[in-house]
Amino acid sequence: MMEKINFEALKDLDFKTNEAYKALRTNINFSGDDIQSIAFTSSVPNEGKSMVSFQCARSLAEDDKKVLYIDADIRKSVLVARYSADKEVPGLTHFLTGKKHLDDVICETNIHNMNVIFSGRVAPNPSELLGKERFSNMIERAKTEYGYDYIIIDCPPLGSVIDAAVVARACDGTIIVIESDNISYRITQKVKDQLDKSGCRILGAVLNKVEMESKGYYGKYYGSYYGKYYGNYGDYGQED
């Protein structure tokens with residue numbers, strides 16, 4: 001019997017934001033049936049990758065997909081505090097250290113079709129834990145034994161620590177969250193290079209915290225960004 005967790009600070013998204021996540025969801029669906037486990041990372045803290053990954057998982061669940069969201073940011077998790085989880089439960093670190101079975105750490109939530117594995121207690125050796133075969137086996141079990149359509153994994157920023165590249169090795173794809181007008185091309189390129197070395201396919205990037213000051217601007221931006229940029233979503237990181 002899964003533990004039931006309620007996120008008490010869930011909020012409905014406004015129309016523009018909701019449509020943006022639907023666009024992201026659609027492009028993930030079009031990435032291929034072999035893309036089920038997806039790691040989200042960024043270059044530096046506070047670019048919004050935890051928010052983007054969580055809302056992406058939520059949007060996929062709303063599309064009648066069975067989703068498992070894994071909080072793998074075991075150095076500095078924000079999930080419990082941000083969404084006001086109503087209780088503390090064992091999480092990923094408890095499973096990876098062998099203290100709990102997988103059934104003990106997967107939680108049902110008040111989001112239909114979406115289950116969660118919380119980060120668990122802070123561990124002194126995050127990269128080593130995430131690099132264990134136990135982690136990659138967990139991802140495979142989530143697909144085959146538990147029947148999840150998508151496993152969305154929130155990872156620490158790759159510009160700060162190597163954890164995301166370690167996680168990416170066990171995933172089908174990676175998405176980079178980039179804060180608009182804040183992160184340089186050089187820093188983002190270094191993150192991309194690290195992910196390339198992991199051998200994981202880079203599915204694309206999400207430009208986050210974009211200022212959309214007026215309806216007219218939004219209409220223009222939406223048409224060009226989602227029509228052109230997301231049209232090349234699957235080819236991110238490839239040579240022209």
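**Note on the predicted model: sheet, cores and cysteines**

1. Thr109 is found in strand β4, which covers residues 107-109, and, as everywhere in this note, the description refers to a predicted model. With a relative accessible area of 5%, Thr109 is buried. A polar atom of the Thr109 side chain lies 3.0 Å from the backbone nitrogen of Ile111, and a polar atom of that side chain also lies 2.7 Å from the backbone oxygen of Met114. If residues up to four places away in sequence are not counted, Thr109 touches Lys4, Ile5, Phe7, Met114, Asn115 and Val116.

2. Strand β4 belongs to an open sheet of 8 strands, whose order is β1-β4-β5-β3-β6-β2-β7-β8 and whose pairing is mixed. The edges are taken by β1 (3-5) and β8 (202-208), each of which has a single partner strand, so that one side of each is left without a neighbour in the sheet. On average, and with direction ignored, neighbouring strands of this sheet are turned by 25° against each other.

3. On the β8 side of the sheet, β7 and β8 run parallel and are joined by 6 bridges, with Thr174 standing opposite Ile202 in β8. Helix α7 (residues 133-144) packs on the sheet, where it touches β2, β3 (67-71), β5 (114-117) and β6, and the direction of this helix makes about 145° with that of β6.

4. Strand β2 (residues 37-42) deserves its own point. The strand pairs in the parallel sense with β6 (residues 150-154) over 4 bridges, Ser37 standing opposite Ile151 in β6. With β7 (residues 173-179), β2 again pairs in the parallel sense, here over 5 bridges, and Phe40 stands opposite Ile175 in β7.

5. How many of the residues of β2 are buried? The strand is mostly covered, with 6 of its 6 residues buried. In a regular strand the side chains alternate between the two faces of the sheet. In β2 both faces are covered, since Ser37, Ala39 and Thr41 on one side are all buried, as are Ile38, Phe40 and Ser42 on the other.

6. The largest nonpolar core has 40 residues, and those with the most contacts inside it are Ile70, Leu92, Ile117, Leu130, Phe135, Met138 and Ile153. Helix α8 (residues 163-168) supplies the largest share of this core, namely 5 residues. A second, separate core of 31 residues includes Ile38, Phe40, Ala61 and Val177.

7. Ile153 merits a closer look, as one of the residues with the most contacts inside the largest core. Leaving aside its neighbours within four places in sequence, Ile153 is in contact with Ile38, Ala39, Phe40, Ile70, Ala72, Phe135, Ile139, Val167 and Cys171. Among these contacts, Ile38 and Phe40 are included in the second core.

8. A last point concerns the cysteines. The count of disulfides comes to 0 when the two sulfur atoms are required to lie within 2.5 Å. Why is Cys171 not bonded to Cys200? The sulfur of Cys171 has its closest cysteine sulfur in Cys200, at 5.9 Å, and this is too far for a bond. Cys171 counts as buried because its relative accessibility is 9%, and Cys56 likewise counts as buried, at 1% relative accessibility.

How values were computed
Residues are numbered from 1 along each chain as its sequence is written. This is a predicted model: local features need pLDDT of at least 70, side-chain atom pairs count only at pLDDT 80 or more; totals for chains, interfaces and linings use all residues. Side-chain values use heavy atoms; hydrogens and water are left out. A nonpolar core is a set of buried Ala, Val, Leu, Ile, Met, Phe, Trp, Tyr and Cys residues joined through side-chain atoms within 4.5 Å. Buried means under 20% relative accessible area, exposed over 50%, partly exposed in between (1.4 Å probe, protein chains only). Helices (H or I, at least four residues) and strands (E, at least two) are DSSP runs, numbered from the N terminus. Contact means heavy atoms within 4.5 Å. Two strands pair if DSSP finds at least two bridges between them. A polar contact is a pair of N or O atoms within 3.5 Å; within protein, one must be able to donate a hydrogen and the other to accept it, and residues adjacent in sequence count only if both atoms are side-chain atoms. Axes are lines fitted to C-alpha atoms, for helices over the stretch in contact, and angles run from 0 to 180 degrees between N-to-C directions.
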